[in-house]
Amino acid sequence: MRWYSAIFAIAVILSTRSAPASTVQLLSNDDLIARSTSIVRGKILSESGTLRRSTIYTNYRLQVLEVMKGAADAQIDVAVPGGVAQGIREIVSGAPKLQTGTEYVLFLWTSPSGLTQILGLSQGLFLSVQQTNGTMLAVRPGGSAATLVDIKTGKTSSDSGSQMSVGDIRKLVNALPASPGASK
């Protein structure tokens, strides 16, 4: 019986891949808004793992409740690096874990290949919280496992979190100069 346990332990070790610690550019709220191809408020409907080339992603299906920047269908898929696919688990430091049924504000970037991801890993993911006065607040707790680097100073920074009202996000998006061919 002991050799079964040893084989099982080896199989678990071999089926888990761990990426080295992620290093990500520190982004301010203004950076997130300016660099996003879209900003949406939505609710997570489901998740599934997929292997895309040599990287495992967790794909989250999102019910879009509001589009603040860019364009989005009623439901979109957002890919987060790491997860489980084809019996293999890949861990990516700093990649967020979203919860089904939870509402978020997401700062998204869509690559030329069509893959939509959260900008700056956890930096572009805010929990959407309704305040007692009815206003919506976007809250990102600090403590990301990724190493954040301020490109202006070259220094690393800890993730202290951030919050802003959804109304302020709308105002900042509307204040951006429109680029040719872009929609808000």
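Strands, in the sense used here, are DSSP runs of at least two residues, numbered from the N terminus. With that in hand, we can place Val78: this residue sits in strand E5, which covers residues 75-81. Keep in mind as we go that the model is predicted.

Let's step back for the overall picture before returning to Val78. The protein chain holds three helices and 14 strands. Of its 184 residues, 36% are buried. If you take the contacts between residues at least 6 apart in sequence, 61% of them join residues at least 24 apart. On the outside, the chain exposes about 10,400 Å², and carbon and sulfur atoms supply 55% of that area.

Now back to Val78 in E5. Is Val78 buried or exposed? Its relative accessible area is 2%, so Val78 counts as buried, the cut-off for that being under 20%. Leaving out residues up to four places away in sequence, Val78 touches Thr58, Asn59, Tyr60 and Leu62, and also Leu108, Thr116, Gln117 and Ile118. Leu106 makes a handy landmark too: 28 residues separate it from Val78 in sequence, while their C-alpha atoms are 9.4 Å apart in space.

A little further along the chain there's a hairpin to look at. Strand E6 (residues 83-85) and strand E7 (residues 88-91) pair in the antiparallel sense, over three bridges. One of the residues involved is Val84, whose bridge partner in E7 is Arg89. Two residues lie between the strands of this hairpin, and Gln86 takes a positive phi near 50° there.

Next, try helix H3, which runs over residues 166-175 and has Val166, Ile169 and Val173 buried. Why do these three end up on the same side of H3? They cover an arc of only 50° around the axis. There's a general pattern to help you see it: an α-helix has 3.6 residues a turn, so residues three or four places apart point the same way. Turn to the other side of H3 and you'll find Lys171, Asn174 and Ala175, which are exposed. As for what covers the buried residues of H3, the list includes helix H2 (29-35) along with strands E3 (38-52), E4 (55-69), E8 (103-110), E11 (136-140) and E14 (162-165).

That brings us to the nonpolar cores. The largest has 15 residues, and the ones with the most contacts inside it are Ile39, Val105, Phe107, Phe126 and Ile169. Which elements give two or more residues to this core? They are H2, E8, E11 and H3, with H3 giving the most, three residues. Ile39 shows how this looks from one residue: beyond its neighbours within four places in sequence, Ile39 is in contact with Ile33, Glu66, Val67, Met68, Lys69, Val105, Leu106, Phe107, Ile169 and Val173. There is also a second, separate core of 14 residues, and it includes Ile44, Tyr60, Val64 and Leu106.

One last stop is Arg140, in strand E11. With a relative accessible area of 8%, Arg140 is buried. What does its side chain reach? It comes to 3.2 Å from the backbone oxygen of Gln123. Gln123 is also among the residues that Arg140 touches, once those up to four places away in sequence are set aside; the others are Ser122, Leu125, Phe126, Asp159, Gly161 and Ser162.

Notes. Residues are numbered from 1 along each chain as its sequence is written. This is a predicted model: local features need pLDDT of at least 70, side-chain atom pairs count only at pLDDT 80 or more; totals for chains, interfaces and linings use all residues. Side-chain values use heavy atoms; hydrogens and water are left out. Helices (H or I, at least four residues) and strands (E, at least two) are DSSP runs, numbered from the N terminus. Buried means under 20% relative accessible area, exposed over 50%, partly exposed in between (1.4 Å probe, protein chains only). Contact means heavy atoms within 4.5 Å. Accessible areas come from the Shrake-Rupley method with a 1.4 Å probe; for residues, only the protein chains shown count as cover. Two strands pair if DSSP finds at least two bridges between them. The arc is that of the directions from the helix axis to the C-beta atoms. A nonpolar core is a set of buried Ala, Val, Leu, Ile, Met, Phe, Trp, Tyr and Cys residues joined through side-chain atoms within 4.5 Å. A polar contact is a pair of N or O atoms within 3.5 Å; within protein, one must be able to donate a hydrogen and the other to accept it, and residues adjacent in sequence count only if both atoms are side-chain atoms.
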